[in-house]
Amino acid sequence: MKSLLTSILVVFIIATNIINAQTSLAYNLEIGDQFKVFQVATQDIVQDMNGQKHEMKNLLEGDFTFIVEEVNDSLYGIKFKFDRFKMVSTSNLIGEIMNVNTQDSITDDNIEGKIFAQLVKVDLYMTMYKTGKIKSIEGSNELISNMVNAVGDLDEFTKEVMKESMKGEFSNESLSKSFEQMTYIYPNKLVNIGDTWENKFEGDLSTNNIWTLEGITKDDITITGNSTVLFTNKDADIEMNLEGDMTSNLTTSKKTGFVKTMSTLSKVKGNSIMRNMNNTKVPTTITSNVTYKIEKHVQ
């Protein structure tokens, strides 16, 4: 009898320890919380055009602020705005393709500067689940209209064509998918250190992600990710169909759940179909490195 009682007690203690070790990973935000995000992304694109290498480099920098305005049982309402946007694109064959920085003064003939300057003038509103999955984003219609109107006096047809083109990057849906790659990291189940879970990102950059809880300290949670990547892009001039892998490393706040630091490295390969070159297939490789640093601001 004593042996049986001892065995039951040992099993109970083990089970209790397992339950206590399990963690619910989720955002735990409060109204008034503010987070300043600093993003830097580099992208190297190499195309093999009949033995000639076309090498393009893109640098993207962005600062934006999240402010929590609503909290309920399952959703957060978050206002966010771009504080700074910079993009530099160069080519070994063409030279500088684009150079935009919203902190620079804008001349009258700088059309690109006028367009992207609107990013820092419009507030957007995000509704996000506690796993980080974004339900919706509102405000992009005003943003896109402002970007088009900044160009100057255009006929209505040209304006509509520009708006449709910009929706690929700045529509509510496109922005949701873009920001979700920074926010949507948590499972909808309890996990232990070493456990894995899966989710997906959709859009031009689609990924199947396997996340692993690596560790928990007093203040931080460490998570890694391994993903398969499918990059597709179609427009009148070019179609890209590229596949590859991505690795992610991130540290989040144990208190708020918000990311503190995050880095991703991806490499995709495939073909670019050049529409204006009789649908010629051009072998293409894109290597991307993205880092985020997030600071909580106290008012």
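This is a short talk through one predicted model, from its overall make-up down to a few single residues.

Hi everyone, and thanks for coming. Please keep in mind throughout that we are looking at a predicted model. Let me start with the whole chain. The secondary structure amounts to five helices and 14 strands. If you draw a box along the principal axes, the C-alpha atoms fill roughly 90 × 50 × 30 Å. The chain has 299 residues, and buried ones make up 40% of them. As for contacts with a separation of 6 or more, 57% of them are between residues 24 or more positions apart.

Now to the strands, beginning towards the N terminus. Strand 2, residues 34–49, pairs with strand 3, residues 52–71, in the antiparallel sense, and 16 bridges hold that pairing. If you want a register mark, take A41, whose bridge partner in strand 3 is L60. The hairpin of strand 2 and strand 3 has two residues between the strands, and N50 there takes a positive phi near 55°.

Let's move along the chain to a run of strands that I find fun to follow by eye. Strand 9, residues 196–201, and strand 10, residues 205–216, are antiparallel partners over six bridges. Here E198 has I210 of strand 10 as its bridge partner. Three residues lie between the strands in this hairpin, and one to click on is G203, with a positive phi near 135°.

Strand 10 also pairs with strand 11, residues 220–234, again antiparallel, over eleven bridges. The connection is a hairpin of three residues. Two pairs help you to find the register: W211 stands opposite G225, and I216 stands opposite I221.

Next, strand 11 pairs in the antiparallel sense with strand 12, residues 238–253, through 15 bridges. In that pairing D220 stands opposite S253 of strand 12. Hold on to S253, please, since we meet this residue again in a pocket.

So, that pocket. This is the second largest pocket, with about 160 Å³ of space. Which residues lie closest to its centre? Out of 13 lining residues, they are F35, S253, T256, K260 and K296. Strand 13, residues 259–274, and strand 14, residues 280–297, each give at least two residues to the lining. The largest share, three residues, belongs to strand 14. And what is the character of the lining? It divides into seven charged residues, four nonpolar and two polar.

On to the cores. The largest nonpolar core has 52 residues, and the ones touching the most other members are L29, F66, M126, F179 and I223. Strand 4, residues 75–91, gives this core its largest share, five residues. There is another core apart from that one, with eleven residues, including I238, M246, V268 and I286.

Let me stay with M126 for a moment. Setting aside neighbours within four places in sequence, which residues does M126 contact? The list is F66, Y76, G77, I78, F80, I134, S136, I137 and F179. Two names there, F66 and F179, are also among the residues that touch the most other members of the largest core.

Finally, two single residues to look at side by side. K159 sits in helix 4, residues 156–170. Is K159 buried or exposed? K159 counts as buried, because its relative accessibility is 16%, and the cut-off for buried is under 20%. Not counting residues up to four places away in sequence, K159 touches V148, N149 and L154.

The other residue is Q103, in the loop between strand 5, residues 95–101, and helix 2, residues 111–116. Q103 has 60% relative accessibility and therefore counts as exposed, the cut-off for that being over 50%. And how far apart are the C-alpha atoms of Q103 and D220? They are separated by 33 Å, with the two positions 117 residues apart along the chain as the sequence offset. D220 is the residue we met earlier, opposite S253.

That's my tour, and I'm happy to take questions.

Note on methods. Residues numbered from 1 in each chain as written. Predicted model: local features only at pLDDT ≥ 70, side-chain atom pairs only at ≥ 80, totals over all residues. Heavy atoms only, no water. Core = buried A, V, L, I, M, F, W, Y, C linked by side-chain atoms within 4.5 Å. Buried < 20%, exposed > 50% of the residue type's maximum accessible area, 1.4 Å probe, protein only. Helix = DSSP H or I, 4+ residues; strand = E, 2+ residues; numbered from the N terminus. Contact = heavy atoms within 4.5 Å. 1 Å grid on protein atoms, 1.4 Å probe; cavity = no way out; pocket = protein on both sides within 12 Å on 5 of 7 lines; lining within 4 Å. Points joined across faces, edges and corners; volume = space filled by probe spheres on them. Nonpolar A, V, L, I, M, F, W, Y, C, P; charged D, E, K, R; others polar. Pairing = 2+ DSSP bridges.
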